[in-house]
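Student: I should like to learn how to read the pockets and cavities of a protein model. Could the Tutor guide me through one case?

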Amino acid sequence: MSQEQFDVLIVGAGLSGIGMAVHLQRDCPGKTFAILEQRDDLGGTWDLFQYPGIRSDSDMHTLGFDFEPWTEQKAIADGPSIWNYIHRIAKERDIEQHIRFGQKVSTAKWSSETALWTLESVDGEGHRTKCSARYLYLASGYYDYDKGHEPHFEGREDFGGQIVHPQFWPDDLDYSGKRVVVIGSGATAVTLVPSIAKKAAHVTMLQRTPTWYAIRPSEDAIANGLRKVLPDSTAYKLIRKRNVLLQRFFFNRARSKPGKVGEFLHGKIREALGGQMDEKDFTPPYNPWEQRLCLVPDADMFEALKAGDASIVTDHIDRFDETGIQLKSGEHLNADIIVTATGLKLAVAGKIAFDIDGEPVNFADRIYYKGSMFSGIPNLAAVFGYVNASWTLKADIVARYFCRFINTVEARVGDYAVPTLPANGSVEAEAAFDFSSGYFQRSMDILPKSGSRQPWKLNQDYLLDRKILLKDPIDDGELVFHQAGQAEHAPPVMAAAE
């Protein structure tokens, strides 16, 4: 089996992977790299998801890269616009030539003897390929590309219509004039309902639990105005900074004054619905920002509700039957199509089987280091974006940090460095996320942990992380530097049990 060797391997050619490639070109010139992408095109999420109305769930001035201004009129952009943005960057910066498409990475093995990661991947025809690198960057996202979360529904096989999960939307699905029930109340459902309602006979959003919604215009008038009088890059930096500060303020306000924020959000919904609002459909059993807020640009879902093209039902499912869904309240929802917008299934490290010097790696036994690396794992960084802000804010600074890391290791004439927990047990393991969202709660047993103090604590604060990742020294005493072939590679993995 042939084996290529690079300085850096990147897994995933979505926002995070393309962003890392650009930062690598800029901050580590001369380093060779390749991107391994399991799909046949780049774009990640924005290539996979094709359901009607797909769009960003945060503004593009923070979801866009820090090095590439977003210049379109809409700040809440549709999926194809984001896909084009990623493609343009990859093409203009000559990144496409570095991408190996159709390569699903199955194993990643680290050897302290050679100080190399060796990855094995398989293509669609079953052919296996190996490649190795000194440094490994995981940009594979956080959810399972192969399957979504599908809860069991009694009688599912009895339904006479079509059942669709948004992650695998059929190209030929025709919902014109059809009765559609969308199960779920998260970002996907809120996107689907107003889009489908334009053609369907009627759309019902069936929710077990209400969600907090935030209404905002899809266009940012201030950003569009600034671009008329300032260079694109200058306007972008100003709006990006403003949006970061506003989002941070609103999140902290929600945590400190949840009742006030809830009243504010309810007021906007009531206004969008023309003064009428059934509180049971819009009052979750948790406070704002204990789960991610659902963005409703231009109040489009509420416009569909007000027009009578869509409706919301808050109830529990008893069973599916031939003509629709029987609810526990006794109500029956007739349906020709049922869309199970029931959520994502999380996956850690792209479902790759890792081992270090022959020992399997369980990421649930590891603690985050600076929100980007893991205890006891050498020369590896991974991106898990913010829950309370745009994904790319985190991806940008993790990429820049890992370039600093690479340059520091090289400058020390070293081969690798390992985030190493103190032997005195001063760092305790904690749950990495304090959000109550179902996809987190279902996945706690596979997720890495947060530590009880910095730099082991996973933060949801972009400004704090900017300091830690971009300003604080790389050689902070928590990294242990090694030469290839050193016998002493046995750093502690987990601190005191959670």
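**Pockets and cavities**

Tutor: Let us begin with an open space: in this predicted model, the second largest pocket holds about 1,100 Å³ of space. Its lining comprises 50 residues, and those closest to the centre are L246, Q247, F250, W289 and N388.

Student: Which element gives the most to the lining of the second largest pocket?

Tutor: That element is α7, with 11 residues. Elements that each supply at least two residues include α6 (221-229), α8 (258-272) and the strand β11 (294-297). By residue class, the lining of this pocket has 27 nonpolar, 9 polar and 14 charged residues.

Student: How does a cavity differ from a pocket, and how many cavities of 30 Å³ or more does the structure hold?

Tutor: A pocket is open, whereas a cavity is a space from which the probe cannot get out. The structure holds 2 cavities of 30 Å³ or more. The largest cavity has a volume of about 160 Å³. Among the 16 residues that line the largest cavity, G141, A349, A382, V383 and F384 are the closest to its centre. This lining divides into 14 nonpolar and 2 polar residues, with no charged ones.

Student: Which residues line the second largest cavity?

Tutor: They are H61, W70, A223, R227, D232, A235, Y236 and I239. Both α6 and α7 give two or more residues to this lining, and α7 has the largest share, 4 residues. The volume of the second largest cavity is about 30 Å³, and its lining comprises 5 nonpolar, 1 polar and 2 charged residues.

Key:
Residues are numbered from 1 along each chain as its sequence is written. This is a predicted model: local features need pLDDT of at least 70, side-chain atom pairs count only at pLDDT 80 or more; totals for chains, interfaces and linings use all residues. Side-chain values use heavy atoms; hydrogens and water are left out. On a 1 Å grid over the protein atoms alone, a cavity is a set of points where a 1.4 Å probe fits but cannot get out, and a pocket is an open set with protein on both sides within 12 Å along at least five of seven lines; lining residues have an atom within 4 Å of a point. Grid points are joined across faces, edges and corners, and a volume is the space filled by probe spheres set on the points. Ala, Val, Leu, Ile, Met, Phe, Trp, Tyr, Cys and Pro count as nonpolar, Asp, Glu, Lys and Arg as charged, and the others, Gly among them, as polar.
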